[in-house]
Amino acid sequence: MIKLLDRSVPEKSIIMKLSADKAIKLAPPVLPEGFAFRPYRRGDTAVFADIETSVGEFSDKSFAEAFFAAEYIRYSENRLKENCIFIEGPKNEAALSLIWEAEGKVSLQWLAVRPEFQGLGLGRAALRYAVCLSQRLYPKRDLLVHTRTWSHNALCLYYNEGFRLTDERCPRKIGGFHINENAEALEILKNALPPEVYNGLNNQII
């Protein structure tokens, strides 16, 4: 989700995991000048919708707002104040990340950077903040992430930050689990991923 989705490739589901021992060793997040982290505030439903629509996750902002309200706010808005962070830019919010615990597992459920702010390291900063947050709120717990072949640029970021493919199941927002299609996804992305990332993912499943 760091760049616009690449819908030229077939969509397959990918599950990755950052082990707790790697998570505690990850470098702290660093932001460029003029940007700052802030927690979720009441009314940020519209901000979530704006950012996620800008990267192609949703085609309609109203639907994205309704989705966020139904999937998260109606369960616990107070929990969002701890689990969701935004990166504020000079004029508006530039990025977000959100972690969540469900079905006994902790997962990174959203990570996105507005297209006009990509290339500044905000995606890596938001990811590292989310990892630090997960270790503070859920100590010594592994962190899962569900992504897709469409988001292969984000997959490279996850890999470079220590995430690896896993056979574990990753929970959806409210109940149930994402399908694990790692093998099919790797075959599809064979020519889309840098060789070192593709080979690394192929050779190490945790």
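In this predicted model, Asp21 is partly exposed, with a relative accessible area of 45%. Asp21 belongs to helix 1, and its side chain makes a polar contact of 2.4 Å with the side chain of Ser19. A second aspartate, Asp44, comes 23 residues away along the chain from Asp21, and the C-alpha atoms of the two are separated by 33 Å.

The sheet is a good place to look next. It is an open sheet of 7 strands, arranged in the order 2-3-4-5-6-1-7, and its pairing is mixed. Strand 2 (36-39) and strand 7 (164-165) stand at the edges with a single partner strand each, so one side of each has no neighbour in the sheet. In general, strands of a sheet pair through backbone hydrogen bonds, and they may do so in a parallel or an antiparallel way. Strand 3 (residues 84-88) and strand 4 (residues 93-102) run antiparallel and are joined by 5 bridges. Within this pairing, Phe86 stands opposite Leu96 of strand 4. Helix 3 (residues 61-83) lies across strand 2, strand 3, strand 4 and strand 5 (105-113), and the helix runs at about 90° to strand 4.

Aromatic side chains offer another way to follow the fold. Across the whole structure, a search finds 13 aromatic pairs. For Phe35 and Phe117, the ring centres are 5.8 Å apart and the planes stand at 90°, so this pair is edge-to-face. Phe35 lies in the loop between helix 1 (20-23) and strand 2, while Phe117 lies in the loop between strand 5 and helix 4 (122-137), so the pair ties together parts that are 82 residues apart in sequence. Are these two rings buried or exposed? Phe35 counts as buried, at 15% relative accessibility, and Phe117 is buried too, with a relative accessible area of 13%. The rings of Phe58 and Phe67 make a tilted pair, because their centres are 5.4 Å apart and their planes meet at 55°. Both of these residues, Phe58 and Phe67, are buried. Phe58 and Phe67 also take part in a cluster linked by ring pairs, whose other members are Tyr40, Phe48, Phe63, Phe68, Tyr72, Trp100 and Trp110. One member of this cluster, Trp100, has Arg79 lying over its face, at 3.9 Å from the ring centre.

How many of the 9 residues of helix 5 are buried? In helix 5 (residues 152-160), 7 of the 9 residues are buried, and the helix is mostly covered. The buried residues are His152, Ala154, Leu155, Cys156, Leu157, Tyr158 and Tyr159. Their cover includes strand 1 (13-18), strand 5, helix 4, strand 6 (143-148), strand 7 and helix 7 (195-203). Arg164 lies over the face of Tyr159, at 3.9 Å from the ring centre. After helix 5 comes Gly162, whose phi is positive, near 110°.

A second glycine, Gly200, is found in helix 7. Gly200 is buried, with a relative accessible area of 14%. Gly200 and Arg164 are 36 residues apart along the chain, and their C-alpha atoms are separated by 8.4 Å.

Note on methods
Residues are numbered from 1 along each chain as its sequence is written. This is a predicted model: local features need pLDDT of at least 70, side-chain atom pairs count only at pLDDT 80 or more; totals for chains, interfaces and linings use all residues. Side-chain values use heavy atoms; hydrogens and water are left out. Two strands pair if DSSP finds at least two bridges between them. Helices (H or I, at least four residues) and strands (E, at least two) are DSSP runs, numbered from the N terminus. Contact means heavy atoms within 4.5 Å. Axes are lines fitted to C-alpha atoms, for helices over the stretch in contact, and angles run from 0 to 180 degrees between N-to-C directions. Rings of Phe, Tyr and Trp (its six-membered ring) pair if their centres lie within 6.5 Å; planes under 30 degrees apart count as stacked, over 60 as edge-to-face and the rest as tilted. Buried means under 20% relative accessible area, exposed over 50%, partly exposed in between (1.4 Å probe, protein chains only). A charge sits over a ring if NZ of Lys or CZ of Arg is within 6 Å of the ring centre and within 35 degrees of the ring normal. A polar contact is a pair of N or O atoms within 3.5 Å; within protein, one must be able to donate a hydrogen and the other to accept it, and residues adjacent in sequence count only if both atoms are side-chain atoms.
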